[in-house]
Amino acid sequence: MTFRVGVPFRSAALLTALLGTAAGLGVGPGSGLNLPGPSGVTEARLTPEAGVVACLGERLLVLAPTGTLLRAVSTAGPCAGLSVGADGRAALTRDDAAGTVTVWRLADGVTTARLSAPQATGAGLTADGAVLIGGPRGLERVDPVTSGRRTLDSAPVTGLVTSPDGTHAVVGRPGRVQFIETTGAAVRSGHTCDDPCPVGTVGFGADGLSAAVQAGTQLIALRAGFPSTVVVREGRTLAGLPLRDGSVLTLDGDTRTGEVQRRDLLTGRRERTLTVPGGPLRPAQVSLTGDVLGIGAAGLAVGPADWTAARRLPLPALTAGGGTDPATGQPVALLPGGGLSVAGTSLTAPPATAVQTMNRATWLLVTDGSGTNLAQLEGGKVRTVAPAGPATHLSVNHWGNAAVTWNDERLSVVSQKTGKVTATLRAPGQLGAARVTLSPDTTRVFVLPAQGEGFVALLANGKRFGLPTAPGRRAADVQISGRGVLAFTAPDGTTDLYQPGNRVPYATVRAAPPARTLGAARFSPDSALLAVPAHDERGWRVDLVNATTGRVDARTPTLADPPTFLAWATDSRALTVGASRLDHLDSVTVFPLTD
């Protein structure tokens, strides 16, 4: 896919004049790029109509049997603990950070209940629509309409997964695993462990009366009314799924081979080994018709238990960072594992650990057999600029003509023109997890340690000064425009704008909630706009802030996840965002600016 990024303007003055007019600035619908690679899908469930409900990042997806996206719902946090009602009308997700359990109506994505569940270790929907919640205080049954609670068992619960039909659940306890009815928590089967056995993945039989449970290093089979059996005694078992013929479909051993095995449920004897086309899949659910849902690194698959005719439902890869190719304006994505993709085409280059685009330059940290190097990308080619030694972090100044790399002990500034180190700074114990911003004129660095006070250091002599912020204001990140405007983002998510030499902010932008600050704000190359990640009850977006007035002039549509990177086109007329629009299945989105 090829993107046309921006439209050349006759002069910078005309461009600045246009961008400074709030009424005239807009954001186009954007062009998406779907990259192959690890998708990050955590859980998925089949629906009665043979569709799929899946957790991907911070959204809940409803997919048609063909894989077409029917609906996407922002979960406002990592989507976890998925459970889908037996009739396919409702879904439940868990937000461990917020300590809540949310019930969603899948027809329109409306929240029908949000329940307090601090320290919850599991939750799921029951056959009659109630919510089962497990945690240190025991097992609770909650009415999602009235929020009325009834404690079924006060013994601590270390894990809880309900069956697809909601009639049974697997419950983890200290040193044991139980198979219970969801109505009154009657125990139908159980297993006592010799060692600690935390509950991992759980797969239920199609009738809901059996389950294969990863308990520590063992795979245990539980059946209502029968004693437990050990299917795999010790190994790297990831998942198991009971089938109608008395076997268990298991994924164990070396997951890179894509081997799935069928074992006898009673004896654990291996009956058959299958090689899954297209890579390994974790068996997640079996339908009443015998179709098996599998979760893999690249997405989902549904098909017969032998996987020979499985249909793949690919999902977009998650980016770890990225930027743009200065020569073409096309998106550059850094994938988990260090792979690079330019406009969807994999790039033959050493693995990268960091990518950053500023103005007309894209810098990278790459690692090959010779060590870590500082490099630049242009026209799809990676060129080594200088050895980076033990550097682990990268930051580029506003003009893109210098980069700073650092590790726990020291940082180095490298010139784009000469490829030489122009300055170094030693700050043992303060640099490891710090954010570092190099000034546009490359004379000073702003160092914001993970702990302690930030400071400004002159590169000529190492002399330090306090941050030029208002008294009492802490900073988690700072960006500096080509006109000297400072944008300090605080830990609470607000961004203060300061004119050069002034310690009183002339504007404050409230964008992200506490503890969700990304520190990824970016000034446009012409310094007229500041792109700031923002978040509200509808989800993530990027606000375009007028750098002169501090006013939000335009906003992107709702995004599926927090952006992993922001990169401006060299003419400031488009913004590449490392996230998908909420209602699309993309990895990266390019938003054009309109007048």
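# Disulfides, sheets and loops in a predicted model

Colleague: At 5% relative accessibility, does Cys79 count as buried or exposed?

Modeller: The model is a predicted one, and the value for Cys79 is a relative accessibility of 5%. Because the limit for burial is set at under 20%, Cys79 at 5% counts as buried.

Colleague: Which cysteine does a disulfide join to Cys79?

Modeller: By the distance rule, the count of disulfides comes to 2, and in one of them the S to S distance is 1.9 Å. This pair links distant parts of the chain, with Cys79 in the loop between strand S6 (69-74) and strand S7 (80-84) and its partner, 24 residues apart from Cys79, in strand S4 (residues 52-56). The partner has 0% relative accessibility and therefore counts as buried. The cysteine joined to Cys79 is Cys55.

Colleague: Is the disulfide of Cys55 and Cys79 left-handed or right-handed?

Modeller: The handedness follows from the torsion about the S-S bond, which is about -50° for Cys55 and Cys79. With that torsion, the disulfide of Cys55 and Cys79 is left-handed.

Colleague: What is the torsion about the S-S bond of Cys193 and Cys197?

Modeller: A disulfide joins Cys193 to Cys197 with an S to S distance of 2.0 Å, and both of these cysteines are buried. When the bonded cysteines of the protein are numbered in sequence order, the pairing reads 1-2, 3-4. The disulfide of Cys193 and Cys197 is right-handed because its torsion is about 90°.

Colleague: In the open sheet with the order S3-S4-S5-S6, which are the edge strands?

Modeller: The sheet has 4 strands with antiparallel pairing, and within it S4 and strand S5 (residues 59-63) pair over 5 bridges. One of the bridge partners is found by going from Val52 to Leu63 in S5. An edge strand here is one that pairs on one side only, and the two that do so are strand S3 (41-46) and S6.

Colleague: Which residue in S49 is the bridge partner of Leu486?

Modeller: An open sheet of 4 strands runs in the order S47-S48-S49-S50 with antiparallel pairing, its edge strands being strand S47 (477-480) and strand S50 (507-510). Neighbouring strands of this sheet are turned by 20° against each other on average, direction ignored. Strand S48 (residues 486-489) and strand S49 (residues 494-498) pair in the antiparallel sense over 4 bridges, and in S49 the bridge partner of Leu486 is Tyr498.

Colleague: Where does Ala185 lie, given its positive phi?

Modeller: Ala185 is not a glycine, yet its phi is about 70°, whereas most residues other than glycine have a negative phi. At 17% relative accessibility Ala185 falls under the 20% limit and therefore counts as buried. Its place is the loop between strand S17 (176-181) and strand S18 (187-192).

Colleague: At 28% relative accessibility, what does Thr442 count as?

Modeller: Thr442 also has a positive phi, of about 60°, although it is not a glycine, and it is placed in the loop between strand S43 (435-438) and strand S44 (444-448). Since buried requires under 20% and exposed over 50%, Thr442 at 28% counts as partly exposed.

Colleague: How many Å lie between the backbone nitrogen of Val542 and a polar atom of the side chain of Thr556?

Modeller: Thr556 is in the loop between strand S54 (552-555) and strand S55 (566-568), and at 7% relative accessibility it counts as buried. Leaving aside neighbours within four places in sequence, Thr556 is in contact with Val27, Arg541, Val542 and Phe591. From the backbone nitrogen of Val542 to a polar atom of the side chain of Thr556 the distance is 2.9 Å.

Colleague: What separation do the C-alpha atoms of His584 and Leu33 have?

Modeller: His584 is in the loop between strand S56 (574-577) and strand S57 (588-594) and, at 30% relative accessibility, counts as partly exposed. Beyond its neighbours within four places in sequence, His584 is in contact with Arg59 and Leu69. Although His584 and Leu33 are 551 residues apart along the chain, their C-alpha atoms are separated by 9.9 Å.

Colleague: Over which residues is the pLDDT below 50?

Modeller: The mean pLDDT of the protein is 89, and 93% of its residues reach 70 or more. One stretch nevertheless has a pLDDT below 50 while having 43 contacts in the model beyond near neighbours in sequence, and this stretch is residues 1-22.

Terms used
Residues are numbered from 1 along each chain as its sequence is written. This is a predicted model: local features need pLDDT of at least 70, side-chain atom pairs count only at pLDDT 80 or more; totals for chains, interfaces and linings use all residues. Side-chain values use heavy atoms; hydrogens and water are left out. pLDDT is the predictor's confidence in each residue, from 0 to 100. Contact means heavy atoms within 4.5 Å. Buried means under 20% relative accessible area, exposed over 50%, partly exposed in between (1.4 Å probe, protein chains only). Two strands pair if DSSP finds at least two bridges between them. Axes are lines fitted to C-alpha atoms, for helices over the stretch in contact, and angles run from 0 to 180 degrees between N-to-C directions. A polar contact is a pair of N or O atoms within 3.5 Å; within protein, one must be able to donate a hydrogen and the other to accept it, and residues adjacent in sequence count only if both atoms are side-chain atoms. A disulfide is a pair of cysteine sulfur atoms within 2.5 Å.
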